[in-house]
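Me: I have a structure to go through and would like to ask about its sheets, its helices and a few single residues. Please keep the replies short.

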Amino acid sequence: MKKLSVILMLCLCILLLFGCSNQSSETTAAGETKSDDIKVHVVLKTLSHPYWKSVEAGAKKAGEDLGVSVEVNGPPSEGDIIEQVNMMDNAISQGTDALLVSPSQPSTVSNVFDLAKSKDIPVLLVDTDADWQDKVTFIGTDNYTAGKEGGEYLASQLKKGDKVALVEGAKGNLASDERIKGAKEALEKAGMKIVAQQPADSDKFKAAGVIDAVLQNHRDLAGVFAANDDMAIGVLSTTEQLKLNIPIVGINGGDEATELISKGKLAASVAQSPYDMGYMGVENAVKTIKGEKVENRIPTPIKVVTKENAEEHLKEIQ
């Protein structure tokens with residue numbers, strides 16, 4: 001009996017050793033970071049806006065599909081630039097394998113990006129690019145082209161010599177600046193007269209106030225281009241109060257704006273692909289961590305949403 005017990009114990013030890021050896025060889029054979037050990041921190045301009053909620057949803061879905069940990073943060077508003085930088089700092093200090101960022105003010109982030117580089121943390125940019133040479137990639141819309149297409153559509157609803165106002169996002173917001181630049185060039189090329197160009201910090205209420213002030217000096221204003229949908233909707237609230245029916249064009253192609261377009265209240269919105277930006281951002285962050293090749297610029301599609309295609313677009317985004 002004793003002899004049988006010893007034999008059984010020896011067999012058990014052999015099986016355990018074989019199991020450990022096999023597990024070790026599987027890890028070595030993989031030769032790469034396991035997906036379930038990967039952490040990606042995403043820092044957006046804000047999480048208070050449906051557009052950024054869509055980016056967040058895409059990023060989290062990618063995390064689920066790829067089996068990686070994804071944490072998404074953003075300040076209360078796009079104007080909270082310092083708070084956004086602090087969130088990046090926190091992500092770096094907590095420890096992360098990659099940083100996916102949409103910088104509110106690209107000129108302020110080089111120091112924190114340098115800190116990430118010093119800790120061998122790759123930085124990828126989404127939605128808004130920054131002039132930092134060590135970024136892995138930029139994933140998002142060509143904002144100049146989006147603004148240009150929006151400006152061209154607005155011009156098609158007007159006649160040469162008409163007065164137009166431009167409503168910008170926060171000062172220093174590169175995405176907003178590029179959109180305004182594209183729209184302005186398209187409008188001026190079509191013979192429109194730009195009578196105002198004012199910032200409204202991507203905020204509905206501020207945009208309503210901005211356009212109210214513009215209309216006090218230019219009651220014959222014929223159209224408005226806003227650098228995002230929230231500001232376009234804010235402009236609309238003022239023009240409706242004043243019973244002024246003029247074409248207003250925004251950018252993002254979100255639910256609320258698309259519904260207003262289908263009702264004929266907003267003229268158009270240049271739709272982006274925020275969900276895809278978030279998903280592709282995390283997807284390419286994981287590729288980078290695993291040492292796979294990533295293109296240095298990854299464009300996402302855009303389209304002009306008008307009354308003719310608004311219902312179709314609404315079904316797509318929902």
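Me: Which residue of E11 does Phe138 stand opposite?
Reply: This is a predicted model. Strand E5 covers residues 138-140 and pairs with E11 in the parallel sense over three bridges. Across that pairing, the residue of E11 opposite Phe138 is Arg297.

Me: What is the order of the strands in the open sheet with parallel pairing?
Reply: That open sheet has six strands, and its pairing is parallel. Strand E2 (69-73) and strand E11 (297-299) are its edges, each pairing on one side only. From one strand to the next the twist averages 15°. The order is E2-E1-E3-E4-E5-E11.

Me: What angle does the direction of helix H2 make with that of E2?
Reply: Helix H2, residues 50-66, packs on the sheet that has E2 as an edge strand. There H2 touches strand E1 (39-43) as well as E2. The angle between the directions of H2 and E2 is about 165°.

Me: Which residue of E2 stands opposite Val42?
Reply: E1 and E2 run parallel and are joined by five bridges. E2 has an uncovered face made of Ser69, Glu71 and Asn73, and a covered face made of Val70 and Val72. In a regular strand the side chains alternate between the two faces of the sheet. The residue of E2 opposite Val42 is Val72.

Me: Which strands are the edges of the open sheet with mixed pairing?
Reply: The sheet with mixed pairing has six strands in the order E7-E6-E8-E9-E10-E12. Its twist averages 20° from one strand to the next. The strands that pair on one side only are strand E7 (193-199) and strand E12 (303-305).

Me: Which residue of E7 does Val167 stand opposite?
Reply: Strand E6 takes in residues 163-168 and pairs with E7 in the parallel sense. Six bridges make up this pairing. Opposite Val167 in E7 is Gln198.

Me: Which strands does helix H5 touch where it packs on the sheet?
Reply: Helix H5 covers residues 143-156, and its direction makes about 165° with that of E8. The strands it touches are E6, strand E8 (223-226), strand E9 (248-252), strand E10 (268-271) and E12.

Me: Is H7 parallel, perpendicular or oblique to H8?
Reply: The axes of helix H7 (residues 204-217) and helix H8 (residues 229-241) come within 7 Å and cross at roughly 50°. Angles of 65 to 115 degrees count as roughly perpendicular and those under 35 as roughly parallel, so a crossing of roughly 50° falls in neither group. H7 is therefore described, relative to H8, as oblique.

Me: How do the residues of the contact of H7 with H8 divide into nonpolar, polar and charged?
Reply: The crossing of H7 and H8 is right-handed. H7 contributes Lys204, Ala207, Ala208, Ile211, Asp212 and Leu215, while H8 contributes residues including Asp230, Met231, Ile233 and Val235. The contact residues divide into seven nonpolar, four polar and three charged.

Me: Is Glu83 buried, partly exposed or exposed?
Reply: Glu83 lies in helix H3, residues 81-94. Leaving aside neighbours within four places in sequence, Glu83 is in contact with Pro75 and Pro76. Buried means under 20% relative accessible area and exposed means over 50%, so at 34% Glu83 counts as partly exposed.

Conventions. Residues numbered from 1 in each chain as written. Predicted model: local features only at pLDDT ≥ 70, side-chain atom pairs only at ≥ 80, totals over all residues. Heavy atoms only, no water. Axes fitted to C-alpha atoms, helices over the stretch in contact; angles between N-to-C directions. Helix = DSSP H or I, 4+ residues; strand = E, 2+ residues; numbered from the N terminus. Parallel < 35°, antiparallel > 145°, perpendicular 65-115°, else oblique. Left-handed = near helix turned anticlockwise from the far one by under 90°. Contact = heavy atoms within 4.5 Å. Nonpolar A, V, L, I, M, F, W, Y, C, P; charged D, E, K, R; others polar. Pairing = 2+ DSSP bridges. Buried < 20%, exposed > 50% of the residue type's maximum accessible area, 1.4 Å probe, protein only.
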